[in-house]
Amino acid sequence: MRPQKNPIHTVSTWVRRQPPKVKAFLAVVTGMAALVLLRVIVHDHDNLFVAAEAVHSLGISVLIYKLMKEKTCAGLSLKSQELTAIFLAVRLYCSFVMEFDIHTLLDLATLATTLWVIFMIRFKLKSSYMEEKDNFAIYYVVIPCAVIALLIHPSTSHHILNRIFWAFCVYLEAVSVLPQLRVMQNTKIVEPFTAHYVFALGVARFLSCAHWVLQVLDSRGHLLVALGYGLWPSMVLISEIVQTFILADFCYYYVKSVLGGQLVLRLPSGVV
């Protein structure tokens, strides 16, 4: 009698064998199906933003636990944390001068924990920092984001400098995880706590993207008008979508690894 095949393994094997265009199509279809499902089961779509913040906080908690209990920062990207601190600091400034609300306090708490993580990696746990693997040049993302922000930014009544800063933090947030993905690409093996943290980032960014997309659909496009005119409204949505798809491949292998009972995630060549 032939052993029964695991359906998850069968599907994942089939997907892995598909050409890049088919994989991209499947990813888009899966994303659209997830959006439809969320639109049906979540009546107040603002709850998606709250859920995104909660999942992000959970991911940071896992990261803090790793640093405090295991006394190691192996597998973590200092550069990703620094990019995160930059966009959070800029967004916090913009939030103070443009729209002080509960999100300002959330950003303040997130910035404080991010700075603590940077301090731990740079000083307390420096001996375990994999500097040779964390070789992504951050000016490759900081400079383009600054240039795009100069060209495409909100058309609101706020001061031009504040509008440029706001656009800069939106663009930088979308690509801030790239150095962390480079570290995982270089090591190929991702230990559990780092994998949990990055997966939490992926889920949080998908929920945030879903929040924006569903808000646009619910308002029948009026939200885009409220954001301003020109290319800025489209760039906000593109940034949210980019954040999601950057981590989509990793999240797929993470779920596959967890369902397969593997504690350590091994990434095949070409992933992230």
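At 1% relative accessibility, T194 counts as buried, which makes this threonine a good place to start a walk through the predicted model. T194 sits in helix α9. Leaving aside neighbours within four places in sequence, T194 is in contact with K66, A74, G75, L76 and Q180. Two of these partners, K66 and Q180, come back below.

**The overall fold**

The chain holds eleven helices and two strands. Along the sequence, eight helices come before the β element that precedes α9, and the full pattern reads α-α-α-α-α-α-α-α-β-α-α-α-β. Of the 272 residues, 43% are buried. Among contacts between residues at least 6 apart in sequence, 77% join residues at least 24 apart. Turning to the outside, the chain exposes about 14900 Å², and carbon and sulfur atoms supply 68% of that area.

**What the record adds**

An unreviewed UniProt entry lists residues 24-42, 104-123, 135-152, 164-181, 193-214 and 234-255 under "transmembrane region". Two of these stretches can be set beside the model. Residues 104-123 are 100% helix and 0% strand, with the end C-alpha atoms 28 Å apart. Residues 234-255 are likewise 100% helix and 0% strand, and here the end C-alpha atoms are 31 Å apart. T194, our starting point, has its place in helix α9, and the record's list includes 193-214.

**Charged pairs**

Side chains of opposite charge can pair when their charged atoms come close. A search of the whole structure finds four salt bridges. Among them are these:

| Salt bridge | N to O distance |
|---|---|
| K66 and E191 | 3.0 Å |
| R91 and D107 | 2.9 Å |
| R91 and E173 | 3.1 Å |

What does the pair K66 and E191 tie together? K66 lies in helix α3 (residues 46-69) and E191 in the loop between β1 (189-190) and α9 (192-218), so the salt bridge links parts that are 125 residues apart in sequence. K66 is buried, because its relative accessibility is 1%. K66 is also one of the residues in contact with T194.

The other two pairs in the table share R91. In the first of them, R91 meets D107 in a salt bridge. R91 lies in helix α4 and D107 in helix α5, so this pair ties together parts that are 16 residues apart in sequence. R91 and D107 are both buried.

In the second, the side chain of R91 meets that of E173. Here the partner E173 lies in helix α7, so the pair joins that helix to α4 across 82 residues of sequence. Are these two residues buried or exposed? R91 has a relative accessible area of 16% and is therefore buried. E173 counts as buried as well, because its relative accessibility is 17%. Through shared partners, the salt bridges join R91, D107 and E173 into one network.

**A nonpolar patch on the surface**

Y93, F96, V97, F100, I102, L105, L106, I160, L161 and F165 form a nonpolar patch on the surface, with about 900 Å² of accessible area together. The elements that give two or more residues to this patch are α4 (78-98), α5 (102-124) and α7 (160-175). One member, F96, belongs to helix α4. F96 counts as partly exposed, because its relative accessibility is 47%.

**Helix α8 and two positive phi angles**

In helix α8 (residues 178-187), the buried residues are P179, Q180, L181, V183, M184 and T187. Q180 is another residue in contact with T194. Just after α8, K188 takes a positive phi of about 70°.

K71 also has a positive phi, of about 55°, although it is not a glycine. Where does K71 sit? K71 is found in the loop between α3 and α4. With a relative accessibility of 57%, K71 counts as exposed.

**Cysteines**

How many disulfides does a search of the whole structure find? The search finds zero. C209 is buried, with a relative accessible area of 8%. C251 is buried too, at 14%.

Methods
Residues numbered from 1 in each chain as written. Predicted model: local features only at pLDDT ≥ 70, side-chain atom pairs only at ≥ 80, totals over all residues. Heavy atoms only, no water. Patch = residues over 30% accessible without salt bridge, like charges linked within 9 Å, V, L, I, M, F, W, Y side chains within 5 Å. Areas by Shrake-Rupley, 256 points an atom, 1.4 Å probe, with all protein chains shown as cover. Helix = DSSP H or I, 4+ residues; strand = E, 2+ residues; numbered from the N terminus. Buried < 20%, exposed > 50% of the residue type's maximum accessible area, 1.4 Å probe, protein only. Disulfide = S-S within 2.5 Å. Contact = heavy atoms within 4.5 Å. UniProt positions renumbered as here; feature names shortened; annotations may be inferred.
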